[in-house]
Amino acid sequence: MLKLIIRRLPALFFVLFCVITLTFFLVRLAPGGPFDRERKIPPAIEAQLLAKYQLDGPLWSQFTGYLADVVRGDLRLSTKYRNRSVNEILAQTLPVTFALGGLAFLLATAGGVWLGTFAAVRRDTAADRLAMGVALLGLSIPMFVVGPILILLFGLWLKWLPVGGWGSPAQLILPAITLAVPFAAVISRLMRTSLLEVLNQDFIRTAKAKGLPERTVVYKHALRVAILPVVTYLGPLAAHLLTGSIVVETVFNIPGAGGFFVNSILNRDGFLLGGVVIVYCGLLIVFNLLVDASYALLDRRIRVDA
Amino acid sequence: MLEPGTASRILRRPTARICLGILIVVAAAASLGPELFPASYREPGPLQYAPPSWQHLFGTDLNGRDVLYRVLLGARISLIVGLAGAAVSLFLGSAYGLIAGYAGGKVDNAMMRLVDIMYSVPRLIFILIFINAFDGHVRDFAARLDWQWLVSYSRIVILIITLGLIEWLTMARIVRGQVLALKERSFIHAAQVLGQSHLKIITRHLLPNILPIIIVYLTLTVPAVILDESFLSFLGLGIQPPQASWGSLLAEGAQSINPLKIYWWLLFFPAATMSGTLLALNYLGDRLRDTLDPRR
């Protein structure tokens, strides 16, 4: 497993380098600068501002300077939120996004695996069709519709849960459910297909022939193998959750990194935008590596040396 | 492979017929509907936030415009973006998958590794940065050439291209898998032995055989692209007013949820139309796939 991680490292650094480069130049390509206002600021002041934020000089040296700073772990200053560094903003907002994303991650995997298994063991019954209908519905309703519906239902009418904001654990429940719904749907479909396939295999017939109870066969023997496609989906899932949390944070007024990301685009706040993207991609790369490694542990037939 | 009876076999199920009906109604209403409304329904008017009535079936919005009209207008743009984006992804994905699968070996490995990496990157975030970077330039470029249509539709064109650019991964994987299997069949070997060029083998022998699978995944890509577009528009970074898509309408609707007064029709009708359409597309796509590939 350690060997796998070491072998992958150079490629991962290369991917991260591409991400940094792409983001840097795409941000600079966008028309308009971070200090464009309705009223034109005097050229001398603008030059001072550009110098302060190290946005002066040839583009190439700006880029190498930025790259050196990022390698040192300094994501520079935000051009919009004056005198606050990107590191500082991320340190405040990322824990919020991770709490939301982490809970949604658990809900999506647990809910999806449960629903998929529920449907697969009841293959072609009304319960199966109902479960898969629910999953299809979950795939077809966007998060920003699920969110307001949950707010209306549990926040405004039943008044069980707070409608938004951040601070108490109760405020985490509705957003996390909203974020988890579409991915629980995807996982349940993966799970059902995979479990049905596994249940047709010889080793399951052997286990049944031995006289093992149905529950043991499904939950001890089949599930362990059938869960592999779900494990491969965990990497993309993490990426989807980070993207999805942008919308969920907007709907529920949560002060996470997603809202800052959207604002950084609107405000031409290049370093903040770059910071969010670099940190997101870095984390996802590490997470994917761990998933690949755990995959090798889960399924002994697969050797991830290649 | 897609046999002649496939369509009728799928449509034997009542649910499938309902789904097809939904799609036909939405598509017809979106393409013909908006022009049928009188001007007073389309323009901002004094009748703000009127609840649904016989006059305004879906109610009116903040500016006194008819919500049904806006929903149909949004449907038009969402469907165009969905179909065209899916078409872009179809070309990219099948070309990529064909090349990777046909080349095999190291090329295939490297190409598929790239797909894996792209799967695990937050792609929509890059789309946002892309749109932000190129939209202004495309509009300047179009203005200089005096292409009026591109000036007003630059966002939509960019959305179609960029969304196509991120939704091709699944298509590429599926096509590659099919090609890998087909490549070992004797009719391909025969073509190779007869000295046909690679291009000819790919276009004449491989492509026709994977076409059904491509069509199935096209049905499943359309809803994915529509969902992506609505995501961007919801954040205010996709379709810009005065144009509307389902996503931008839903953004307005979501803002109207507050404890004082709930304008539910602003959220409900766009949501119901959009989800109904996506549900129908996903259902029919699933059924098509099940019929083609019963193993799945």
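Visitor: Okay, helices (H or I, at least four residues) and strands (E, at least two) are DSSP runs, numbered from the N terminus. How many of each are there in chain A?

Guide: Chain A has 12 helices and 0 strands. This is a predicted model, where local features need pLDDT of at least 70 and side-chain atom pairs count only at pLDDT 80 or more, while totals for chains, interfaces and linings use all residues. Residues are numbered from 1 along each chain as its sequence is written, chains are lettered from A and ligands numbered from 1 in the order in which they are written, and side-chain values use heavy atoms, with hydrogens and water left out.

Visitor: And what does chain B have?

Guide: Chain B has 12 helices and 0 strands. Its elements, from the N terminus on, run α-α-α-α-α-α-α-α-α-α-α-α.

Visitor: What does chain A span along its principal axes?

Guide: Its C-alpha trace spans about 85 × 55 × 30 Å. Of its 306 residues, 50% count as buried (under 20% relative accessible area; exposed is over 50%, partly exposed in between, with a 1.4 Å probe and protein chains only). For chain B, with 296 residues, the buried share is 52%.

Visitor: Which residues touch the most other members of the largest nonpolar core?

Guide: They are A:F261, A:V277, B:L163, B:L232 and B:L235, in a core of 174 residues. A core here is a set of buried Ala, Val, Leu, Ile, Met, Phe, Trp, Tyr and Cys residues joined through side-chain atoms within 4.5 Å. Apart from that one lies another core, of 9 residues, with B:Y96 and B:M111 among them.

Visitor: Back to B:L235, what does it touch?

Guide: Leaving out residues up to four places away in sequence, B:L235 is in contact (heavy atoms within 4.5 Å) with A:I246, A:V247, A:T250, A:V262 and B:L128.

Visitor: Switching topic: where is A:N288, and is it buried or exposed?

Guide: A:N288 sits in helix 12 (residues 270-298) of chain A. It is buried, because its relative accessible area is 15%. Beyond its neighbours within four places in sequence, A:N288 contacts A:G235, A:P236 and B:S120.

Visitor: How many disulfides are there?

Guide: The search of the whole structure finds 0 over all chains, a disulfide being a pair of cysteine sulfur atoms within 2.5 Å.

Visitor: Why is A:C18 not bonded to A:C281?

Guide: The closest cysteine sulfur to that of A:C18 is in A:C281, 11 Å away, so it is too far for a bond. A:C18 is partly exposed at 33% relative accessibility, whereas A:C281 is buried at 2%.

Visitor: How do helix 4 and helix 8 of chain B cross?

Guide: The axes of helix 4 (residues 67-103) and helix 8 (residues 169-183) of chain B come within 7 Å and cross at roughly 35°. Axes are lines fitted to C-alpha atoms, for helices over the stretch in contact, and angles run from 0 to 180 degrees between N-to-C directions. The crossing is right-handed (the near helix is turned clockwise from the far one by less than a right angle; left-handed is anticlockwise). Residues making the contact include B:G93 and B:Y96 of helix 4 and B:A172 and B:V175 of helix 8 of chain B.

Visitor: What about helix 10 and helix 11 of chain B?

Guide: The axes of helix 10 (residues 198-234) and helix 11 (residues 246-255) of chain B come within 7 Å, crossing at roughly 45°. That crossing is right-handed too. Among the contact residues are B:I226 and B:F234 of helix 10 and B:W246 of helix 11 of chain B.
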